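This report describes the fold of one protein chain, with attention to strand pairing, helix packing and the nonpolar core. The sequence and the structure are shown first, and the description follows.

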Amino acid sequence: MKRLEWLLCAALLPAYAGVTVTPGDGENLVIRGRLVLAEQESDGRLVLAGDRIVCAGADCVEPAGATVLTVSEGYVFPGFIDAHNHVAYNALPKWTPPKLYQNRGQWQRSASYKAFKRPYDQLKKRGLICEMVKYGEAKALISGVTTIQGSPASRCLQGLVRNAENPQSGLLVSSAHVRTFILDVGGAPKIDWNETSAFLIHVAEGVDADALAEFATLKAKGLLSPGTAVIHGTAFGDEEFRQMGAAGSKLIWSPQSNLALYGRTTRVDLALRHGVPVSLGLDWNPTGSDNLFDELRVAERVNQQQFQGAILDRDWVAMITSHPAQALALDDYIGELRAGLKADVVILSSRAATSGQSLLDARLRDVAAVLVGGQLLYGDNDAMAAAGRADCDALTVDGAPKRLCAQTPKTPKGEQRLDDIRAALLKVYAGVAPLAP
Ligand SMILES: [Zn+2]
């Protein structure tokens, strides 16, 4: 190729984040690069000690002997938070609904869905819930998710990504701190707000009067509260969002799953108009996106086509970091790059001049490194090897060589590697969804 052509090509290609590792002999870890802080983006340093951030910004001093990760052509984000999921279902492939529905009761009762769900029941019956959850966690981790909502109560949950409702998630919260309710709102439990700070509940998942009527039930049960996070709210209009805004409630949005099931999604433009904080969640693999970046792109398409761009560039980062941390009442621990919070970090290749646009353009290969509680659990093969994690599982994601540390010694079945988990699932069900399609 002629030099000029080569230069033109190079200019059009996205820059890939380089993570150079300089091993140290001390306890600290330092990440040098472009930090995505709550108020602004800034070139600086992130200093980690154990599982915590001790300094984040341009003025941080590097402790002597620290291991240093130098990031070029990339952004250093807080770990992403998937505000709503059904993690154990993510071993299932896509479900193509035979038609669009009006509310969630309709498809849940359908013969098509019942047939689709059979492998889930079989996998569970064969005692593979640990494998199912960990597979879902691995699927989340490769897109930079460090905390996920929607895992079943289980002793398996410790060591990979944080499971929001689970007290074993490495956060000093009780099992009642975050509560989730997935059944009909009419059966919702009474919440003791002294012990529960976040209550996540499916409300108005659908587009008809039955779905909308769930809002009245939520209020009648005294559950329209600052600690309440409504999952979906698809049937809501201006008045419902006005009341949510006045009550200080939060919204969790899963556009792709809504569109696949109902042909329509939540009026997030109205939610924003009334000051309701919005978080993004993938819902689940069967009708949701394959990964967080795809879900962000679906959200952006809806934003342009239906919301007149009401969601601004800076909102995208908040929807997968600080907003879900607040909706889950875990913002004392996660959701920002700030001293005192957990060292949950994602390093992503830069594809655009802002972190928000870069997120919308991101592919799975762009996830250069993911740390949960200061532990490097996933990343580019070279960086992982240089950081002493060459023993983790090799895999190819979106054409790029990566490593993922699936082993979690403290949990039941924690010795399993990614291939063991996949093999155990495939033995029962040949249709297991790929980790990275
Ligand atoms: Zn759900």
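Three bridges join strand S6 to strand S7 (residues 145-148), and the two strands run parallel. Within this pairing, Ile81 has Thr147 in S7 as its bridge partner. The coordinates come from a predicted model. S6 and S7 belong to an open sheet of three strands in the order S6-S7-S8, with parallel pairing, and its edge strands, each of which pairs on one side only, are S6 (80-82) and S8 (162-163).

A second set of pairings involves strand S5 (residues 67-78), which pairs with strand S1 in the antiparallel sense, with strand S2 in the parallel sense, and with strand S14 in the antiparallel sense. The table lists these pairings together with one pair of facing residues for each.

| Strand paired with S5 | Sense | Bridges | Facing residues |
|---|---|---|---|
| S1 (residues 18-22) | antiparallel | five | Gly18 and Ser72 |
| S2 (residues 28-36) | parallel | six | Leu29 and Thr67 |
| S14 (residues 345-349) | antiparallel | five | Val76 and Ile347 |

For the chain as a whole, the secondary structure comes to 14 helices and 18 strands. The radius of gyration is 21 Å, close to the 22 Å that the globule rule gives for 437 residues, so the chain is as compact as a globular protein of that length. The C-alpha trace spans about 60 × 55 × 50 Å along its principal axes, and buried residues make up 52% of the 437 residues. Of the contacts with a separation of 6 or more, 67% are between residues that are 24 or more positions apart.

The largest nonpolar core has 139 residues, and those that touch the most other members are Leu46, Val76, Leu141, Ile347, Leu377 and Leu404. Helix H4 provides the largest share of this core, seven residues. Because domain 1 (10-79 + 335-406) and domain 2 (81-327) both give residues to the core, it lies between them. Val76 and Ile347, both listed among these core residues, are also bridge partners in the pairing of S5 with S14. Leu141 touches Leu160, Val161, Val370, Leu377, Tyr378 and Leu404, when residues up to four places away in sequence are not counted.

Two helices show how burial is distributed around a helix axis. In helix H14 (residues 418-428), the buried residues are Leu418, Ile421, Arg422, Ala424 and Leu425; seen down the axis of H14, they fall within an arc of 160 degrees, so they line one face of the helix. Asp419, Leu426 and Lys427 are exposed on the other side of H14, while the buried residues pack against helix H3 (111-125), helix H4 (129-141), strand S17 (393-397) and strand S18 (400-404).

Helix H6 (residues 238-247) has Glu240, Phe241 and Met244 as its buried residues, and these fall within an arc of 95 degrees when seen down the axis of H6, so that they line one face of the helix. The face of H6 turned away from this buried side carries the exposed residues Glu239 and Ala246. The cover over the buried residues of H6 includes helix H5 (209-220), strand S11 (228-232), strand S12 (250-253) and helix H8 (268-273). After H6 comes Gly248, which has a positive phi near 80 degrees.

Notes
Residues are numbered from 1 along each chain as its sequence is written. This is a predicted model: local features need pLDDT of at least 70, side-chain atom pairs count only at pLDDT 80 or more; totals for chains, interfaces and linings use all residues. Two strands pair if DSSP finds at least two bridges between them. Helices (H or I, at least four residues) and strands (E, at least two) are DSSP runs, numbered from the N terminus. The radius of gyration is taken over C-alpha atoms; the globule rule is 2.2 Å times the number of residues to the power 0.38. A residue is buried if 20 or more other C-beta atoms lie within 10 Å of its own, exposed if 12 or fewer, and partly exposed in between; C-beta atoms are placed from the backbone. Two residues are in contact if their C-beta atoms, placed from the backbone, lie within 7 Å. The arc is that of the directions from the helix axis to the C-beta atoms. A nonpolar core is a set of buried Ala, Val, Leu, Ile, Met, Phe, Trp, Tyr and Cys residues joined through C-beta atoms within 7 Å. Domain bounds come from an automatic or database domain assignment.
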